[in-house]
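Here are my notes on the fold, written as numbered points to be read beside the coordinates. Please check each of them against your own view of the chain.

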Amino acid sequence: MQVLIIEDNQDIAASIYDYFEASGYIVDMAADGVTGLHMALAKDYDVIILDLGLPGIDGYELCRRLRQDPHRLVPIVMLTAKDTLENELEGFKSGADDYLIKPFALKELAARVKMLSKRVNRTSASQLQIGDLSLNMDTREVCRAGKQINLNPTLFKLLAFLMQNPYRLIKREELEYAVWQNNPPDSDALRTHLSNLRQVIDKPFECPFIHTVRGFGYKLMDNKAKD
């Protein structure tokens, strides 16, 4: 697996580099945003580990520039010392797939990188596939086990965001922002929509995809592939 580390703190970058190299990864490093962006565009990495506070181009802007290319679907783990919900939401808005607060355990970072690298088969920018569940962003078609499923716009947007972030614990506020931006409806709306989504995505089938992690948020995962 090929990993790019974009981190200006030499000690942190070296620790990550040594840990991943010892685990058998092919690792490249950049110490500023401009160099990191050039490297990310020049080579197809399996995962990018991206610091938020970079010289030249910060992590938000670098992430946004990478996401402008619809064919560049490399997963991005954003590292930051900023632990507010607003910063976390801004990271996901810019296109990050995961968000890890400093200080962190290298073992946890490695686990997240491994999960991101295998979590979803994105056959194109518009086609999402997890297990027997597929969603096409262009045609708005949703299928599970060969059966077509009709979703209203809100449920489609909710499922699309979950499928773009599988196996990751997603907070309630993040889901609300993804669907309604800065104007979420009443507090029970998300619960109601998730219940309706489960009725058509999970209930008719043997294994559920949508899981509630009580007190924390939600996960979409294929239990058959999680190991």
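The points below take up the two sheets, the helices that pack on them, the contacts between helices, and then the backbone details.

1. The model is a predicted one, and the points that follow should be read with that in mind. The parallel sheet comes first here: it is open and consists of five strands in the order 2-1-3-4-5. Its edges are taken by strand 2 (26-30) and strand 5, and because each of these has a single partner strand, one side of each is left without a neighbour in the sheet. From one strand to the next, the twist averages 20°.

2. Within this sheet, strand 4 (residues 76-80) and strand 5 run parallel and are joined by four bridges. A residue pair that helps in locating the register is Thr 80, which stands opposite Ile 101 in strand 5.

3. Two helices that pack on the parallel sheet deserve a look. Helix 1 (residues 10-22) touches strand 1 (2-6), strand 2, strand 3 (47-51) and strand 4, and its direction makes about 170° with that of strand 2. Helix 4 also packs on the sheet, where it touches strand 4 and strand 5, and the direction of helix 4 makes about 145° with that of strand 5.

4. Helix 4 (residues 85-94) also packs against helix 7 (residues 172-180), at an angle of about 45° and with the axes 11 Å apart. This angle is why helix 4 is described as oblique to helix 7, and the crossing of the two helices is right-handed. On the side of helix 4 the contact involves Leu 85, Leu 89, Phe 92 and Lys 93, which meet Glu 173, Glu 174 and Tyr 177 of helix 7. Sorted by class, the residues in the contact of helix 4 with helix 7 are four nonpolar and three charged, with no polar ones.

5. Helix 7 has a further packing partner in helix 8 (residues 189-201), with an angle of about 80° between them and axes that lie 11 Å apart. Helix 7 is therefore roughly perpendicular to helix 8. Helix 7 contributes Arg 172, Leu 175, Glu 176 and Trp 180 to this contact, while helix 8 contributes Ala 189, Leu 190, Arg 191, His 193 and Leu 194. The contact of helix 7 with helix 8 divides by class into five nonpolar residues, one polar residue and three charged residues.

6. The antiparallel sheet is likewise open, and its four strands follow the order 6-7-8-9. Strand 6 (127-130) and strand 9 (147-149) are the edge strands, each of them pairing on one side only. Neighbouring strands of this sheet are turned against each other by 20° on average, when direction is ignored. Three bridges support the antiparallel pairing of strand 8 (residues 142-144) with strand 9, and Cys 143 has Gln 148 in strand 9 as its bridge partner. Helix 6 (residues 153-164) packs on this sheet, touching strand 6, strand 7 (133-136) and strand 8, and the direction of helix 6 makes about 115° with that of strand 7.

7. Which strands form a hairpin with three residues between them? They are strand 11 and strand 12, and Gly 215 in the turn has a positive phi of about 85°. Strand 11 (residues 210-213) and strand 12 (residues 217-220) run antiparallel and are joined by four bridges, and His 211 has Lys 219 in strand 12 as its bridge partner.

8. Some backbone details call for inspection, because most residues other than glycine have a negative phi and most peptide bonds are trans. The peptide bond from Lys 102 to Pro 103 is cis, with omega near -5°, and Pro 103 is placed in the loop between strand 5 (98-101) and helix 5 (106-118).

9. Arg 140, although not a glycine, has a positive phi of about 65°, and this residue sits in the loop between strand 7 and strand 8. Because its relative accessibility is 47%, Arg 140 counts as partly exposed. Ala 145, also not a glycine, has a positive phi of about 55° and is found in the loop between strand 8 and strand 9. With a relative accessibility of 54%, Ala 145 counts as exposed.

Conventions: Residues numbered from 1 in each chain as written. Predicted model: local features only at pLDDT ≥ 70, side-chain atom pairs only at ≥ 80, totals over all residues. Heavy atoms only, no water. Axes fitted to C-alpha atoms, helices over the stretch in contact; angles between N-to-C directions. Parallel < 35°, antiparallel > 145°, perpendicular 65-115°, else oblique. Left-handed = near helix turned anticlockwise from the far one by under 90°. Contact = heavy atoms within 4.5 Å. Nonpolar A, V, L, I, M, F, W, Y, C, P; charged D, E, K, R; others polar. Pairing = 2+ DSSP bridges. Buried < 20%, exposed > 50% of the residue type's maximum accessible area, 1.4 Å probe, protein only.
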